[in-house]
Amino acid sequence: MNTDTCYSIIRLNIGGSIFCTTVDTLTQREPQSMLAAMFSGRHTVHKDSDTGYVFVDRDGTHFRHILNWLRDRVAPNLSDLERLELLREAEYYQLLGLVERINMVLNKKKVDEKMDADLTRTDIIKCLQSKTKYFLKLRGVNLSGLDLSNLDLSRVDLSRACLKNTNFSGAILRDANFSEANLEGANLKGDLLSVDLSRACLKNTNFSGAILRNANFRETNLEGANLKGTELGFAYFTGANLQHAILK
């Protein structure tokens, strides 16, 4: 590929968002990527006959971050939801370096959150075994990243607790109190009959297949949450944020 070709301007239409870059940017930093293959000169790239733009049928929201990565190898500081969206695009374009960088950040966050937990799974089991007539009160504790799957946590009080990425898969959480708790990225695929999740942070939380009858989601943040296949009879969502949530 000659110098003139490397620096020639490429105009891209990514799902309706317009970008301009160069062949060099698209091909040099991640030579094994789909973008590098497209503009290597080995393949015919179809351009709009009127505008000259190359159309790619993808969401263009994060494509500027992809271009900045290819230009400078700089990964943006994003929220967890935005980082996962960027990861999906990086995987589509086969940007292996960017995929590795994002996964490294995500894995580090999970390790850090698990190390900071106030209690262990063993501690929780001991608490459950010792309680008699009173329900377990863990208000405001940090249990981030713990595996609490398949435990009977009925009526547990975890209000205002930090439960990011905690695994409650298969747990019994009937009448549990999670009001104002942070459950971002948690796995709640269990029995949550009559659970109180009011004003909780439930971003990217996985409820897939959960029992949520009579659940209280008042003023919760369910952005990006997975509610596919859940039982939601008599659940109420007054004031809840359901942006990008998966409902079907």
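Which residues of helix 5 are buried? They are Asp80, Leu81, Arg83, Glu85, Leu86, Leu87, Glu89 and Ala90, where buried means under 20% relative accessible area, exposed over 50% and partly exposed in between, using a 1.4 Å probe and protein chains only. Keep in mind that this is a predicted model, where local features need pLDDT of at least 70 and side-chain atom pairs count only at pLDDT 80 or more, while totals for chains, interfaces and linings use all residues. Residues are numbered from 1 along each chain as its sequence is written, and side-chain values use heavy atoms, with hydrogens and water left out. Helices (H or I, at least four residues) and strands (E, at least two) are DSSP runs, numbered from the N terminus.

**Helix 5 and its surroundings**

- Helix 5 covers residues 80-92, and its 13 residues should span 18 Å at 1.5 Å a residue (the expected span being 1.5 Å times one less than the number of residues); the end C-alpha atoms sit 19 Å apart, which agrees.
- After helix 5 comes Gln94, with a positive phi near 60°.
- Inside the helix, Arg83 makes a salt bridge with Asp80, with the closest N and O atoms 3.3 Å apart; a salt bridge here is a side-chain nitrogen of Lys or Arg within 4 Å of a carboxyl oxygen of Asp or Glu.
- Arg83 and Asp80 are three residues apart, about one turn of the helix, and both are buried.
- That spacing fits the usual pattern: an α-helix has 3.6 residues a turn, so residues three or four places apart point the same way.
- His62 sits in the loop between strand 3 (54-56) and helix 4 (63-72) and counts as buried at 7% relative accessibility.
- Setting aside neighbours within four places in sequence, His62 is in contact (heavy atoms within 4.5 Å) with Glu82, Glu85 and Leu86.
- Glu82 belongs to helix 5 and is partly exposed, at 33% relative accessible area; its C-alpha atom is 8.4 Å from that of His62, 20 residues away along the chain.

**Other charged residues**

- The whole structure has eight salt bridges.
- Asp147 and Arg121 form one of them, at 4.0 Å from N to O, and this pair links distant parts of the chain: Asp147 in the segment after helix 7 and Arg121 in helix 7, 26 residues apart.
- Arg213 pairs with Glu231, with the closest N and O atoms 2.3 Å apart; both lie in the segment after helix 7, so the pair ties together parts that are 18 residues apart in sequence.
- Lys203 is buried yet has no salt bridge, and the nearest side chain of opposite charge, Glu223, is 4.6 Å away (Lys and Arg count as positive, Asp and Glu as negative; His and the chain ends are not counted).

**The hairpin**

- Strand 1 (residues 9-14) and strand 2 (residues 17-22) run antiparallel and are joined by six bridges; strands pair if DSSP finds at least two bridges between them.
- Ile9 stands opposite Thr22 in strand 2.
- Two residues separate the strands in this hairpin, where Gly15 has a positive phi near 60°.

**Cysteines**

- There are zero disulfides in the whole structure, a disulfide being a pair of cysteine sulfur atoms within 2.5 Å.
- For Cys127, the nearest cysteine sulfur is that of Cys162, 18 Å away.
- The sulfur of Cys162 is 9.5 Å from its closest cysteine sulfur, in Cys201, which is too far for a bond.
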